[in-house]
Amino acid sequence: MKDKELEFPTSIFPEKIRTIIEETNSAYHYPISYIASALLFAVASAIGNTRVLVIDGSWRVKAVLYMALVGGPGAMKTHPIKFAIAPFLKLDELSLGKYKKELQEWRNSPLETRGEKPIPQQLRVQDITMEAITKILEYNRHGIFVFVDELKGWISSFNKYRGSGGDQEQWISIYSGVPITVNRKTQDEIPFIKDPYVSVIGGLQPGIIPKLFSGEKIDNGFFSRILFVGNSSEGIPLLWGNDEDLPLDADEQWGKIINTILQSGGYLDDNFIVSEYYLNRMAWEFICVWQNKIEKHNAESEPEYKIGIFRKIQDYCLRFALIIHTMREATGEIPESREIDLNTASRATKLADYFYEQAQIAYELITTGNVENEKFFMLLNGLNDSFTTQQALAVGERMGISRPTVYRLLAVGPNDPFLRKTRHGHYEKIL
């Protein structure tokens, strides 16, 4: 997923953050689009549930982001994310260490004087099951984020092999800020999360995108909720021996920015504050002009899929406005204010334009492989969890799938999200 002309609009960031992007790119070869997107994601995660953008009194917008950094093996997808979330991991290490100590003291204290059981506080989670996410949200009003190296596990777990699955619908609800409940098999209680906040980030290899998003995942709007990040520098050699060093205070400066945002929401004080923000008249009018122009153009001359993609991107534009305003405050570019100005609105539309183009590139990847993918899933549905090539050929023959096509469908790579080859002529579904 590469477009030499499509560069990430780093001008949307305050100067202090642009400097961090430039320095990490120079010293560590972090692709500009990857580190810029990772920093954007980290700011959104620091905001969590503590800031909302209010439109017309009742429309409340939160900074939830679902983000996929797209690139092949060794494309430097993981390192920029790790840099961006490092301040959260330090805080989690401290808070979870404190929790373990308090829990042990609680267990050792007499029953009659125990008091309430300590509550764990964390920002980053790795377990992507909805049951685990809901359990953690019960104790973390600020909200959390999920970071996994490869998002294929998260996405491929939805509605496996065309079966019915509620997790995808729950994730769509979280994106929209709708309350969620999860029925747990092992407990009678049914948790109700009134205000869920979970952002998700990870990497995706281009070759598996068609399988991950084929069928209903693209039809029901889940695809258009993902912010895809390509790498325009992919293919350029990454040469060792660069004399450039990251300035000693770059990670420290980034930590200060994140902690400033967390402090404003009361997180560092074991408190919780919700602040409401508003677009001023000029900012709202600017976004409306931008939205109306593209919406009218799409309605007149663009295919339906572009209309669907843009309607999620225009929603993201409002989220970007809240995130960019927060960045500008945290870096001292503007004074603290609940009013989002025209400058921020203009930057938000630039960022939205970038992700709109990226989503269209991803869509083209998906539609190119749609016919083959339909046959792939049809074949899998007719097979046991473990099967041989001969069994697949027999099932394919009954379904009208030719032998050459069956062989081609079984030629899966090591990163295939649905099928693995265990030995010559033997396969297992990845459940």
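Here are four short exercises with worked solutions on this predicted model.

**Exercise 1. Find which residues have the most contacts inside the largest nonpolar core, and which helix gives that core its largest share.**

Step 1: Start with the core itself. It holds 128 residues.

Step 2: Pick out the best-connected members. Those with the most contacts inside the core are Trp171, Leu204, Phe213, Trp254, Phe320 and Phe355.

Step 3: Now look at where the core comes from. Helix 11 (residues 304–330) supplies the largest share, with 13 residues.

Step 4: Zoom in on one of those hubs, Trp171. Skipping neighbours within four places in sequence, its contacts include the aromatics Tyr66, Trp154, Phe158 and Phe222. Also on its list are Ile128, Met130, Ile133, Val146, Val198 and Val200.

**Exercise 2. Work out whether helix 6 is mostly covered or mostly open, and what glycine 177 does just after helix 6.**

Step 1: Count along residues 167–176. Of these 10 residues, 7 are buried, so helix 6 is mostly covered.

Step 2: Name them. The buried set is Gln168, Gln170, Trp171, Ile172, Ser173, Ile174 and Tyr175. Trp171 turns up here again, having already appeared among the core residues with the most contacts.

Step 3: Step past the end of the helix. Glycine 177 has a positive phi, about 80°.

**Exercise 3. Describe how helix 3 packs against helix 9: what are the angle, the axis separation and the handedness?**

Step 1: Get the geometry. Helix 3 (residues 78–108) and helix 9 (residues 250–264) pack at about 60°, and their axes lie 9 Å apart.

Step 2: Classify it. That angle makes helix 3 oblique to helix 9.

Step 3: Add the hand. The two helices make a right-handed crossing.

Step 4: List who meets whom. Helix 3 brings Phe83, Ala84, Pro87, Phe88 and Leu91. Facing them from helix 9 are Ala250, Asp251, Trp254, Gly255, Ile258, Asn259 and Leu262. Trp254 is another of the core residues with the most contacts.

**Exercise 4. Show where the buried residues of helix 15 sit around its axis, then decide whether valine 412 is buried or exposed.**

Step 1: Within residues 403–410, the buried ones are Thr405, Val406, Leu409 and Leu410.

Step 2: These four span an arc of only 135° around the axis, so they are on the same side of helix 15. As a reminder, an α-helix has 3.6 residues a turn, so residues three or four places apart point the same way.

Step 3: Carry on into the loop between helix 15 and strand 13 (419–423), where valine 412 is found. Its relative accessibility is 19%, so valine 412 counts as buried, the cut-off being under 20%.

Step 4: Check its surroundings. Leaving out residues up to four places away in sequence, valine 412 touches Lys211, Phe376 and Leu419. The C-alpha atoms of valine 412 and tyrosine 427 are 10.0 Å apart, with 15 residues separating the pair along the chain.

Note on methods
Residues numbered from 1 in each chain as written. Predicted model: local features only at pLDDT ≥ 70, side-chain atom pairs only at ≥ 80, totals over all residues. Heavy atoms only, no water. Buried < 20%, exposed > 50% of the residue type's maximum accessible area, 1.4 Å probe, protein only. Arc of directions from axis to C-beta. Core = buried A, V, L, I, M, F, W, Y, C linked by side-chain atoms within 4.5 Å. Contact = heavy atoms within 4.5 Å. Axes fitted to C-alpha atoms, helices over the stretch in contact; angles between N-to-C directions. Parallel < 35°, antiparallel > 145°, perpendicular 65-115°, else oblique. Left-handed = near helix turned anticlockwise from the far one by under 90°.
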